[in-house]
Amino acid sequence: MKTTKFIHAGLLCRLCLLVPIGLMGLATTSARAGIVECPAAAGQFSVFLSEPSGSGDAAAARQFLQRLQFELDQQRDGRWISSPATDVRFVACFKRAPALDGQDFNPTLVEGLNSQRVLLEIWGAVDSEPVAGAAPRLSAQMNYLLVPMRFAADQHEPVAAPLQRLRYPEQGAAPVQDAVQLIARPLDIDAFVAAALGFKLLRERSFEPAHANLCRAVSLLQAIAQRPLAGRSKADLLALKQFALDSAGRTLREALADPSYAKTGLLRLHDATKPCAGQE
Amino acid sequence: MLKLLVVLLLGLLLSPCLHAGAMRPCDEPQVFEGAALNVMVLPYRFDGGRPPEDLQLASRQISALVHLELLMSALKYGSIGVTDLLAQPGQVCDVDEVLWRLMRPGTAGRLRPGGALVLVWGRLYEQQGQLHVQSYLRFVRQGTKGPLQEGVALALPAAGAGELRLQASLPAQALAFAPRQIGRAELAQVDQDFRRAMQVRERPDEGAPGRSIAFDASVSFPYWIAEARGDWVRIEPMMGGPAGWVRARQQAGERSLARWLPELAFADAVNGFMRLQAGGLQAAEKAAVALAVEQGLQRYEARLGAELAPTAWGMARLLRGQLAWQAGRRAEAAEHYARAAALLPAYGGARQLAAVARLAATELNAGSAAQLGAELGAALAMAPKDAELRGNLQRLYQLYLRKPAWSPVDEALARERLALLQAPPS
């Protein structure tokens, strides 16, 4: 029997494995807890780690999110290891439970997130499939909402799909017994963060960091796309990569057309038709 | 307040070399100046507010056991010093500050030019009886004018147009390992191992009478390693304190520290790599150390797949590339660097290193010069502040101007781009 469960309960609450699949499916679609406010990190870019809807086990959800936050947030160690990843704060959003299809993210909510410098909101669901004589086989679908893109879409700007989905484990990957380990993929998150931040900075006309982040996003998304992704995930990811590349080109064009852009600005080195110089 | 201090282990085991270890306060770090390689284990701090007493103790115990494990595994490299730095409860032992103190020239206990240093530290998080541990690693070598960057440098003849000089450093000399989970049972094992390890015995025998190493915040406790036998080392104090046998490696197989912290195998490989960089080894010793590096990397990779630890896998490729490069196997090095760049897609420096090494493995001509320009341009797009990258591009555009037939852009554009690269960063 395959049991579907939302991330927090499915991972940390063994009891959930006893819930019949039909009931779990119903919970998935109908018993949403909805959106509650979550405080963004002051003065910094944030990534929200939210619960999925439908869980009645608040304690388990809290523990799961706290641990996920621990795994993802390098805090000062990120400085010590000179990571190229964007300096963002991961915020565990307790009791915040978006629907799996993302329907909660209306324009007002998205505008609020965007103004608080939230780049990404992450949530999802986990399947736990019992295996005779062994630990359950875990799989997950993670949702990544790229807030600046969604905000732009709400303003009727053409953007790639702001809601990206990835499934873990991927085909051929070794099974993982620990759910946080299954979904805490810093490189994947970094790709979406770089894309979201680059696009946000472009809209704010901070051309040089926008370009660097968009080109990093292209490189990271290309690496993800080479993995065995399936179906719509891959198509959406490739569309996002193309959007990041196009946005890098737009960054160059707008910078070069801007009289206030420095005469010695390094963006003048690049060709807008090859905005990331060979990553096309 | 209880403050653990010095375990200094110095010895003569394999060849004319030094072996040393220490426990020291974090705000008074010192290396063994006579050692080619120094390893510092900083505290595994507790994340998440004020830690419960048992986890505070666990933080200390894990650091101490990591220290002893790395000491034991580094003995094979010769001329090593391993130090356990201690912090007061609640004190953050700042890696940058430790490094600054150790690299500062002119004072005692500082890293001498050519000396190598590896820093290991970590953090812990507890939830429902499960302890989650994340380790970090950083490595550096002292130069005459400050820290050296590990990497490659080359000068390629440019068919009658002088030469093209390029350099490319490793894109990172630090690494965050994937967090690991350990349970209460393992934590209890840590406690048991720690208490056993901190006994100095008359003979290398658990049944022999022992004396606990006294931990005093104000007293250093340095000692030599006079002998190693199996998992035991015989220590002789330098400045007073107990002498005798310490069991430095507590458990084998399933219960060993390295079993649930596979990053220790990676750290051992980095120790070997840095020992090679520090020099002073005979050819046979170099080969043995290089083999140990490879074995350490493979032990780590066998435990964590690339999809779970891509950065560590990328770093492993970089180290292999460096060793191949230094052995003159440039095609092999280029292959390792290319695989590293694929594993480290966010690092512009990895892309640069792969491009430079690929060029070195082939021939400089119109095609390869143009390809290098595209690849360095792509790296610069991701890392526009990288001074080394800008320097390489400057020299490449100078070559394009000296040899226009190799330039993918016309002369005016080449001059314009060279001027941009030479301008101070905006």
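Here is a friendly exchange about helix packing, chain contacts and one arginine in a predicted model.

Me: What should I know about numbering and about what counts in this model?
Reply: Residues are numbered from 1 along each chain as its sequence is written, while chains are lettered from A and ligands numbered from 1 in the order in which they are written. The model is predicted, with local features needing pLDDT of at least 70 and side-chain atom pairs counting only at pLDDT 80 or more, whereas totals for chains, interfaces and linings use all residues.

Me: Why are helix 5 of chain B and helix 6 of chain B called roughly antiparallel?
Reply: Helix 5 (residues 263-278) of chain B packs against helix 6 of chain B at about 155°, and the axes are 7 Å apart. Angles run from 0 to 180 degrees between N-to-C directions, and axes are lines fitted to C-alpha atoms, for helices over the stretch in contact. Under 35 degrees counts as roughly parallel, over 145 as roughly antiparallel, 65 to 115 as roughly perpendicular, and the rest as oblique. The pair is therefore roughly antiparallel. Their crossing is left-handed (the near helix is turned anticlockwise from the far one by less than a right angle).

Me: How do you know which residues of helix 5 and helix 6 of chain B meet?
Reply: Two residues are in contact if their C-beta atoms, placed from the backbone, lie within 7 Å. On the helix 5 side of chain B, the residues include Phe266(B), Gly272(B) and Phe273(B), and on the helix 6 side they include Val289(B), Val293(B) and Tyr300(B). By class, this contact has eleven nonpolar, two polar and five charged residues (Ala, Val, Leu, Ile, Met, Phe, Trp, Tyr, Cys and Pro count as nonpolar, Asp, Glu, Lys and Arg as charged, and the others, Gly among them, as polar).

Me: What makes helix 6 and helix 7 of chain B roughly antiparallel?
Reply: The axes of helix 6 (residues 283-303) of chain B and helix 7 (residues 310-326) of chain B cross at roughly 165° and come within 11 Å. Set against the cut-off of over 145, that angle makes the two helices roughly antiparallel. This crossing, too, is left-handed. Among the residues that meet are Leu297(B) in helix 6 and Trp313(B) in helix 7 of chain B. The contact has nine nonpolar, no polar and one charged residues.

Me: Why is Arg112(B) called exposed?
Reply: A residue is buried if 20 or more other C-beta atoms lie within 10 Å of its own, exposed if 12 or fewer, and partly exposed in between. Arg112(B) has 12 C-beta neighbours inside 10 Å, so the residue counts as exposed. Arg112(B) sits in the loop between helix 2 and strand 4 of chain B. Beyond its neighbours within four places in sequence, Arg112(B) contacts Glu33(B) and Gln142(B). Its C-alpha atom is 9.1 Å from that of Arg141(B), 29 residues apart along the chain.

Me: Which element gives the most to the side of chain B that touches chain A?
Reply: In all, 35 residues of chain B are in contact with 38 residues of chain A. Helix 10 of chain B gives the most to this side, with six residues. By class, the side has 21 nonpolar, seven polar and seven charged residues.

Methods
Helix = DSSP H or I, 4+ residues; strand = E, 2+ residues; numbered from the N terminus.
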